[in-house]
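This report goes through a protein chain and its ligand, starting with single residues and ending with the overall fold. Keep the sequence and the 3D view open while reading.

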Amino acid sequence: MPDQLIKICGLSTGESIDAAVEAGATHVGLVHFEKSPRHVSIADAAKLRARVPDHVKVVLLTVNMEPKPTAEALQEIQPDVLQLHGSEKPEWLSLLREKSNLEIWKAVGVKDRASLERAAKFKDCAHRLLYDAAGGALPGGNGLALDWRLLLNHRHVLPWGLAGGLGPHNVADAIRYTGAPLVDASSGLESEPGKKDPAKIAAFCKAAKEARAKAA
Ligand SMILES: O=C(O)c1ccccc1NCC(=O)[C@H](O)[C@H](O)COP(=O)(O)O
């Protein structure tokens, strides 16, 4: 069984990046979306990126960003993964994939079986689907869980990940229940919006790794 993939999202300081790396995260997420309390500028994201060791992948998150600023951000930050968290269309993902060596992830808001099924349209243009809860004040990072029962017996067309309302208290249950190969958390690891708590990051990674080891 492959190792559990763990993404810690919405990191905005060097200390929180170090905490995620130290705890064993496989992916760290940098949110470039001004309305988010976790927003980082392009220049700050590039500095944070430089701090991440090679064995940990850097995920840049954008929301419906135009092609020119996207190209500039990618050039400046050099992420390993681009996570599109808006209403981006498959055609845009195909173009990005054609023009870069990036891994492209598409976040999908899941509220019912139909929304889950519709995500299949990204089959040929995304490398991974990230299922998140639909609704909420922001496109992501709302601390809302989706109904995990929707994922039972779902035929996944791509590698995938589970996000939405995860934290140290429920990540083991999420892995046991859904078999998620990748888990992603943000607001559940904070002491206040936008401020990550290193102890919560460590507890989340430990619980996720232990749950995977028990499932093996
Ligand atoms: O985290 C944000 O503020 C954010 C803002 C805009 C788009 C996406 C955002 N986060 C994306 C993520 O991948 C989060 O980790 C995911 O939505 C889960 O968040 P949470 O429920 O808070 O764990």
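## Around S41

S41 has 13 other C-beta atoms within 10 Å, so S41 is partly exposed. S41 belongs to the loop that runs between β2 and α2. Its C-alpha atom is separated by 21 Å from that of L96, and the two residues are 55 apart along the chain. As with everything in this report, the positions come from a predicted model.

## Helix α4

L95 sits in helix α4, which covers residues 90-99. L95 is partly exposed because it has 13 C-beta neighbours inside 10 Å. In sequence, L95 and C125 are 30 residues apart. In space, their C-alpha atoms are 8.5 Å apart.

## H55 and V56

Two residues of the loop between α2 and β3 can be taken together. H55 is found in this loop, with α2 at 42-50 and β3 at 57-62, and V56 is placed there too. Is H55 buried or exposed? H55 has 7 other C-beta atoms within 10 Å, and it is therefore exposed. V56 has 19 C-beta neighbours inside 10 Å and counts as partly exposed; a residue needs 20 or more to be buried.

Both residues can be paired with a residue from an earlier part of the sequence. H55 and T26 are 29 residues apart in sequence, with 7.4 Å between their C-alpha atoms. For V56 and V21, 35 residues apart along the chain, the C-alpha separation is 7.2 Å. Which residues does V56 touch, not counting those up to four places away in sequence? They are V21, A25, T26, H27 and V28.

## Two residues with positive phi

Most residues other than glycine have a negative phi. N64 has a positive value, near 50°. N153 also has a positive phi, near 65°.

N64 is in the loop between β3 and α3, a helix that covers residues 67-77. It has 13 C-beta neighbours inside 10 Å, so N64 counts as partly exposed. N153 is in the loop between β6 (128-133) and β7 (160-162). With 6 C-beta neighbours inside 10 Å, N153 counts as exposed.

## The nonpolar core

The largest nonpolar core has 60 residues. Which of them touch the most other members? They are I8 and V183.

The contacts of V183 show which parts of the chain meet at this residue. Leaving aside neighbours within four places in sequence, V183 is in contact with I6, G161, L162, L166, V171, A174, I175 and A208. V183 is also within the range of strand β8, residues 182-185.

## The ligand shell

How many residues surround the ligand? There are 27, and the closest are C9, S36, G140, G141 and S187. Two elements give two or more residues to this shell: β2, at 27-31, and β8, at 182-185.

By type, the shell residues divide into 13 polar, eleven nonpolar and three charged.

## The whole chain

The protein chain has seven helices and ten strands. Its radius of gyration is 16 Å, and the globule rule gives 17 Å for 216 residues; the two values are close, so the chain is as compact as a globular protein of that length. The C-alpha trace spans about 45 × 40 × 35 Å along its principal axes.

Buried residues make up 42% of the 216 residues. Contacts can also be sorted by how far apart the partners are in sequence. Among contacts between residues at least 6 apart, 55% join residues at least 24 apart.

## The annotated domain

An unreviewed UniProt entry lists residues 6-206 as "domain: N-(5'phosphoribosyl) anthranilate isomerase (PRAI)". Over residues 6-206, helix accounts for 31% of the chain and strand for 22%. How far apart are the end C-alpha atoms of residues 6-206? They are 10 Å apart.

Note on methods
Residues numbered from 1 in each chain as written. Predicted model: local features only at pLDDT ≥ 70, side-chain atom pairs only at ≥ 80, totals over all residues. Core = buried A, V, L, I, M, F, W, Y, C linked by C-beta atoms within 7 Å. Buried ≥ 20, exposed ≤ 12 C-beta atoms within 10 Å, placed from the backbone. Contact = placed C-beta atoms within 7 Å. Helix = DSSP H or I, 4+ residues; strand = E, 2+ residues; numbered from the N terminus. Rg over C-alpha atoms; globule rule 2.2 N^0.38 Å. Near = placed C-beta within 6 Å. Nonpolar A, V, L, I, M, F, W, Y, C, P; charged D, E, K, R; others polar. UniProt positions renumbered as here; feature names shortened; annotations may be inferred.
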